[in-house]
Amino acid sequence: MLELVKSGGWLMIPIIASSVIALAICLERFWTLRTSSVTPDNLLPDILAGIRKQELSTEQIQEIRDSSPLGRIMVAGIRNARHGREVMKESIEETASEVIHELERFLSPLGTIAAITPLLGLLGTVIGMIKVFNEIMIQGTGNANVLAGGISEALITTAAGLAVAIPALIFHRFFMRRVDSLIISMEQQAVKLVEMIHGQREADD
């Protein structure tokens, strides 16, 4: 492995660094974007039960807010429910925009890594081929070892760039899809909360 890195030249350094960053982002996003931690199943029923029984204290509301991203959105609506339906919806939307921004954190750098690592590999290819042609100009085509070394450097960096870019692109698309699904779920539950508090919908059994 170390020999491959050495053979690939200095461009292997940013490619390897990109792979480490991409792996760290993927692990962090897998943990952060768990459905159970973003949109807990029992959150909305518990909130509605507390509202009906008038048992939601300030401490409980703060605890709900800190428990999950969906909790933040719900609490924003609850705190402004007395101001009417439209104000409640506006407060939910404002908080939701902040939550969505946090859910999408690090996905832009992951997409950037997927885009630039093939280019780094291509740059390595170009540099390797330039070395090959320079050696051909100086020594002719008789020194096969020098020619093979330049071609090897070109191929290694290209392969390394693609090996990083392909998984990064796959996981970038996967996480974007996961975020979209979580947003839809949060939107549905927020709409239920607004309609139930303002008497336009009965609580689900």
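In this predicted model, a network of salt bridges links Arg72, Glu98 and Glu102. Within this network, Arg72 pairs with Glu98, and their closest N and O atoms lie 3.2 Å apart. The pair joins distant parts of the chain: Arg72 belongs to helix α6 and Glu98 to helix α7, with their positions 26 residues apart in sequence. The two partners differ in exposure. Arg72 has a relative accessible area of 15% and is therefore buried, since the cut-off is under 20%. Glu98, at 45%, is partly exposed.

A search of the whole structure returns four salt bridges. One of them joins the side chains of Arg29 and Glu28, with an N to O distance of 2.5 Å. Arg29 is buried, at 0% relative accessibility. Its partner Glu28 is partly exposed, at 26%. A salt bridge also forms between the side chains of Asp66 and Arg65, at 4.0 Å from N to O. Here Asp66 counts as exposed because its relative accessibility, 53%, is over the 50% limit. Arg65 is partly exposed, with a relative accessible area of 31%. As a rule, side chains of opposite charge can pair when their charged atoms come close.

The nonpolar residues were examined next. The largest nonpolar core comprises 42 residues. Those with the most contacts inside this core are Ile47, Ile73, Met74, Leu103, Leu110, Met186 and Leu193. At least two core residues come from each of α2 (12-32), α4 (43-53), α5 (58-67), α6 (69-79), α7 (85-103), α8 (107-139) and α9 (144-197). The greatest contribution is that of α9, which gives twelve residues. Met74 illustrates the contacts made. Leaving aside residues up to four places away in sequence, Met74 touches Leu43, Leu44, Ile47, Gln189, Ala190 and Leu193. Among these, Ile47 and Leu193 are also listed with the most contacts inside the core. In soluble globular proteins, nonpolar side chains tend to be buried together.

Two further residues were considered for exposure and local geometry. Phe106 sits in the loop between α7 and α8. Its phi is near 75 degrees, a positive value in a residue other than glycine. Most residues other than glycine have a negative phi. Phe106 is partly exposed, at 36% relative accessibility. Leu123 lies in helix α8. Leu123 is likewise partly exposed, with a relative accessible area of 39%. In sequence, Leu123 and Thr157 are 34 residues apart; in space, their C-alpha atoms are 8.2 Å apart.

Key:
Residues numbered from 1 in each chain as written. Predicted model: local features only at pLDDT ≥ 70, side-chain atom pairs only at ≥ 80, totals over all residues. Heavy atoms only, no water. Core = buried A, V, L, I, M, F, W, Y, C linked by side-chain atoms within 4.5 Å. Buried < 20%, exposed > 50% of the residue type's maximum accessible area, 1.4 Å probe, protein only. Helix = DSSP H or I, 4+ residues; strand = E, 2+ residues; numbered from the N terminus. Contact = heavy atoms within 4.5 Å.
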